[in-house]
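This report considers where a ligand sits in a predicted model and which residues line the spaces within the protein. The sequence and structure are shown first.

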Amino acid sequence: MAEISTEEIAQLARKSVEIRRNILTMVFEANSGHIGGSLGSADLLVALYYHLMVHDPKNPAWKKRDRFILSKGHCTPVIYAVLADCGYFPQEDLQTFRRPGSHLQGHPFQPKTPGIEASTGTLGLGISTAAGMALAAKLKKENQYYYVLCGDGEIQEGQVWEAAMFANKYKLDNLIAIVDRNYLQTDGNSEDIMPLDPLAPKWESFGWQVHSIDGHDYGQIVAAVNRAKKASQPVVIIANTIKGKGVSFMENKVEWHGMPPVKEEFDAAMKELDHV
Amino acid sequence: MYNLKKTRQGYADALIELGAVIPNLVVLDADVAKATQTCDFQAIYPDRFFNCGVQEQNMLSVAAGMALEGFIPFASTFGVFATCRAGDQLRNSIAYPQANVKIGATHCGITTGGDGASHQANEDIAITRSFPNLTILVPGDYEEAKMVTKLAANHHGPVYLRFGRDAYPVIDEIHGPVVIGKAKILQDGNDITLISTGIMVSEVLQAGKNLHQKGISTRIIHMPSIKPLDEKAVISAARETKGIVTAEEHSIIGGLGEAVAGIASLHHPTFIERIGMRDVFGESGQAQELMDKFGLKATEIVNAALRILKR
Ligand SMILES: Cc1ncc(C[n+]2csc(CCOP(=O)(O)OP(=O)(O)O)c2C)c(N)n1
Ligand SMILES: [Mg+2]
């Protein structure tokens, strides 16, 4: 039995196009920001916010909401686009991205932005913060889930593996980490910069349950999260993705990690995403 | 108008020149080689370049290890990560045992811009100043960035080099040689003293012009060497002028201003105003917008000087 209907999948796919358009627009208008990792993780965030997570944009402080923490904090364009679309704050705010006085800072700033659950920016912080929140939820006997998205470059940080040990020790089965496995980081291919493979056994040996999926396939994302919720240990979903997904000339191109598009590139990219 | 050039480019260009003459010089980076621009060194000397991935802590202690084996490592990353994420490695692997490691820290200060507060190192001078044994050099432009990089390579012991992200005015007045522990007196004067470090030199020079138009005789000092600091230059300024305004693209806590105040208070207490980030985190924006917003411009320096002269 499919865990998500084909009609629902089609809806999510349509939503992801809108989100990708907003990502491009924000970075183009700000003339700064991280496009590649935002486009690449858009399907993961769409599946979480529009299908999997229990949350209420009108009540961002609702105690029972599921939490999402963007540990790869440079990818604010995707989370801001999603939060605005969900109604956490007005869509017009997206035009203020990276401008002085805006609540939409270059990296997530929890005190200012409705829906942002933790401040990140230095890679590695978010997964530990999520572990702390998940532990706190257990102490308070609450049942919500804590989702945290890490980049594959990010998990080269020692802090990530400290968090991994910690989550295993305290059996944080309410913590679901997702690794955006796009094989790219700032300076190149992850296996050239600092090899991570074989990745699944690393997490397994740290006491985590591992699911490897196609991070652009909604059926697989939903199935993996549903399995994760049944686990009695922390779970990591290794989501194989394409950095820059959705814009052909940005896909799998390291240059699009942190470069804003010029007008012609922006127009060409938007043209590829006009099939809503 | 000034020519604009990146100080981090000065770092990268100097490393390439050094690579040709110092065979045991190696460059390390932590997945920001395109931003620190050490990728230029990598292109020419691939065998002497080591990308550590997103692992600043590991990188700094690895650099210490290579130094113990006789290499001269230049470990490169953003200032926040070099001093905060890897602060312990900088302290206990490098400064304390006096490892011959050079830290090339880029993206320092508010002009880092759009990435926002998390990436703007406004406290790195304060942190590094408090570590014994560490020499701290803060260049004011591209040429001075090249000079301090070369100086660091030829100086035995740990050195912290501070660079920015943006392109900054190239200023002929500061192109005399950098000497560790020595200030550069750019202009003599006996009413008030302005002291800059780093890229604030252009604002200080502008402030000096504005004060001159008001008939105020202004001494202008530039300090690329933050530690050791030129105590003599500070003491004479304190003695010979009514007071001192310091200007740094850094917090007013723990940086140039407090270093100057510390020396003056011991030898010749005087009025000192500190221009810098006023104990607040920065935010996202363009470099010059943020310089304005956080009061790091020439007008603030002029106003501070006038306040002192009125006292
Ligand atoms: C501790 C730390 N070091 C360096 C950086 C600079 N930086 C920002 S993004 C990035 C690469 C991240 O790659 P990855 O985690 O794979 O993200 P993605 O490919 O999803 O964009 C780096 C090194 C940082 N933000 N934090
Ligand atoms: Mg990646």
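## The site of ligand 1

Because residues from chains A and B surround ligand 1, the site is shared between the chains. In this predicted model, the shell around the ligand comprises 25 residues, of which His74(A), Asp152(A), Gly153(A), Lys243(A) and Glu56(B) come nearest. Strand 4 (184-185) of chain A and helix 5 (79-85) of chain B each supply at least two residues of this shell, and by class the shell divides into five nonpolar, eleven polar and nine charged residues.

## Polar contacts and burial of the ligand

Oxygen atoms of ligand 1 take part in polar contacts with side chains and with the backbone of chain A. An N or O atom in the side chain of His74(A) lies 2.8 Å from an oxygen atom of the ligand, and a polar side-chain atom of Lys243(A) is likewise placed 2.8 Å from a ligand oxygen atom. For Leu184(A), the partner is a backbone N or O atom, which lies 2.9 Å from an oxygen atom of ligand 1. Taken alone, ligand 1 exposes 600 Å², and the protein buries 98% of that area.

## The second largest pocket

The second largest pocket has a volume of about 480 Å³ and is lined by 24 residues, with Phe109(A), Gly116(B), Ala117(B), Ser118(B) and Phe281(B) lying nearest its centre. Helix 5 of chain B gives the most to this lining, with four residues, while the lining as a whole is made up of nine nonpolar, ten polar and five charged residues.

Domain 1 (4-169) and domain 2 (181-309) of chain B both give residues to the lining of the second largest pocket, so the pocket lies between these domains.

## The enclosed cavities

A search of the whole structure finds three cavities of 30 Å³ or more, and the largest cavity has a volume of about 100 Å³. Its lining consists of 15 residues, of which Val138(B), Arg162(B), Gly198(B), Ile199(B) and Glu249(B) lie nearest the centre. Strand 13 (residues 243-251) of chain B gives the most to the lining of the largest cavity, contributing three residues, and by class this lining has seven nonpolar, five polar and three charged residues.

The largest cavity, too, lies between domain 1 (4-169) and domain 2 (181-309) of chain B, because both domains give residues to its lining.

Terms used. Residues are numbered from 1 along each chain as its sequence is written. Chains are lettered from A and ligands numbered from 1 in the order in which they are written. This is a predicted model: local features need pLDDT of at least 70, side-chain atom pairs count only at pLDDT 80 or more; totals for chains, interfaces and linings use all residues. Side-chain values use heavy atoms; hydrogens and water are left out. On a 1 Å grid over the protein atoms alone, a cavity is a set of points where a 1.4 Å probe fits but cannot get out, and a pocket is an open set with protein on both sides within 12 Å along at least five of seven lines; lining residues have an atom within 4 Å of a point. Grid points are joined across faces, edges and corners, and a volume is the space filled by probe spheres set on the points. Ala, Val, Leu, Ile, Met, Phe, Trp, Tyr, Cys and Pro count as nonpolar, Asp, Glu, Lys and Arg as charged, and the others, Gly among them, as polar. Domain bounds come from an automatic or database domain assignment. A residue is near a molecule or strand if one of its heavy atoms lies within 4 Å of it. A polar contact is a pair of N or O atoms within 3.5 Å; within protein, one must be able to donate a hydrogen and the other to accept it, and residues adjacent in sequence count only if both atoms are side-chain atoms. Accessible areas come from the Shrake-Rupley method with a 1.4 Å probe; for residues, only the protein chains shown count as cover.
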